[in-house]
Amino acid sequence: TMWSRICLVSFLLLSFCSWLKAEVKEETTRNQKLFSLFSIVTFPNDMCTGKDSGDMGTCFTTSECSSKGGKVDGNCAAGFGVCCTFTFSSCGSSVTQNTSYITNPSYPSAYTVTSTTSCTYSVTPLNSDICQLRLDLDTFNLASSTTDGSCTDTFAISVGDMDYPDLCGINSGQHMYLETDRATSSQTLTLTVAATTGSATFKIKISQIPCFANYKAPSGCLQYYTGRSGRVKSFNRSNGKMLYNLRYSACVRREPGTCGISWAVTSTTEYSPLDAFQLSATASAQTGSTAAATTAFISIPGSFGDTFSGTTLANTAAETTDGVIHASSLRYMLDVFSTNAAQTNTYGFDLTYNQNACTSSTNDHTALVA
């Protein structure tokens, strides 16, 4: 009948509409899930630690890591990214990525040469917002004289407009901050291995530091330490001789609630029978202008003695027992000097610092604790 036909058509229309509504809902749900998935795989390019090498790298996608010339070393970003590490071991390499390593050819074996050879590495800042390069000397063994502290092999730095000391000797574990002056052109690091020694081993991590980063070192600080206590050693201290022609500042970040800093000779037998502090052959403390007249000395701004040398760290001349030097200053720092001459009786220093609470009586810089 006509009525039956009308009812059948109506039923079919209602069924179609219900099916269409369900399909639209399912498609919407599917799109939301896809959108959610794409949101998850968008991740920041944070630093990461390589699974196999233990080196620091940057979290990229697999394709990004490959296109940038990096090596995949484990996962990051909950498995959506890879830890991409960058290592350059060929002389003449150009470093263009943050958190990269330069090593000697054949590392970890020593780099052997039959004639004096220079290895130059160029480092290009990411952009004009990079103000510093931090070098971590993970492994650093370049030959130096064991009698006067002169360099046989040499690590020379040409970065920005500042002059940096040439380094040699054993300096594994040391670090340096270099001012780029916002340059975007390549900066140069040169390691020269002399034919007379024939071998060198180095692995140096290079980090680029933005101008407004809270971990940027104060301008003019070659080294920068953090924490309420820590240890500061002169370059090549482990090899037994102070290096030539040093002029630099080792700075310490002032921690909240502190109003002074104390310096003491590190208690260690590492240098036995020599003391951990020996900046001249004089078997007593040297301070002020007397210390400044030696071939090597340190200066502690805000302290009573100010300038120190000799075989004893104390702020009273003729002392033969190491003491604790207290300093009250807005900037916590240690200035290091050596002349461009033989450091025959100069072995360097190994000091431990402690930051003092503002309520501490040791913030009186005239105090001396024997």
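In the predicted model, R237 lies over the face of Y271, at a distance of 3.9 Å from the ring centre. A second placement of this kind involves K241, whose charged end sits over the ring of Y347, 4.2 Å from its centre.

Contacts between aromatic rings were also examined, and six aromatic pairs were counted. In one of them, formed by F297 and F337, the ring centres are 4.8 Å apart and the planes meet at 20 degrees; the pair is therefore classed as stacked, the limit being under 30 degrees. This pair links distant parts of the chain, with F297 in strand β21 (residues 296-299) and F337 in strand β24 (residues 332-338), 40 residues apart. F297 is buried, with a relative accessible area of 15%, whereas F337 is partly exposed, at 24%.

Strand β14 (residues 199-210) is largely enclosed by the rest of the structure, because ten of its twelve residues are buried. Several strands pair with β14. Strand β9 (residues 130-142) runs antiparallel to β14 and is joined to it by ten bridges, with F140 standing opposite F202 of β14. Four bridges connect β14 to strand β6 (residues 100-103), again in the antiparallel sense; here I102 faces I204 as its opposite residue in β14. Strand β7 (residues 111-112) pairs antiparallel with β14 over two bridges, and T112 has S199 of β14 as its bridge partner.

As to confidence, the protein has an average pLDDT of 88, and 86% of the residues score at least 70. Over residues 365-370 the pLDDT is below 50, although in the model this stretch has 21 contacts beyond near neighbours in sequence.

Technical notes:
Residues are numbered from 1 along each chain as its sequence is written. This is a predicted model: local features need pLDDT of at least 70, side-chain atom pairs count only at pLDDT 80 or more; totals for chains, interfaces and linings use all residues. Side-chain values use heavy atoms; hydrogens and water are left out. Rings of Phe, Tyr and Trp (its six-membered ring) pair if their centres lie within 6.5 Å; planes under 30 degrees apart count as stacked, over 60 as edge-to-face and the rest as tilted. Buried means under 20% relative accessible area, exposed over 50%, partly exposed in between (1.4 Å probe, protein chains only). A charge sits over a ring if NZ of Lys or CZ of Arg is within 6 Å of the ring centre and within 35 degrees of the ring normal. pLDDT is the predictor's confidence in each residue, from 0 to 100. Contact means heavy atoms within 4.5 Å. Two strands pair if DSSP finds at least two bridges between them.
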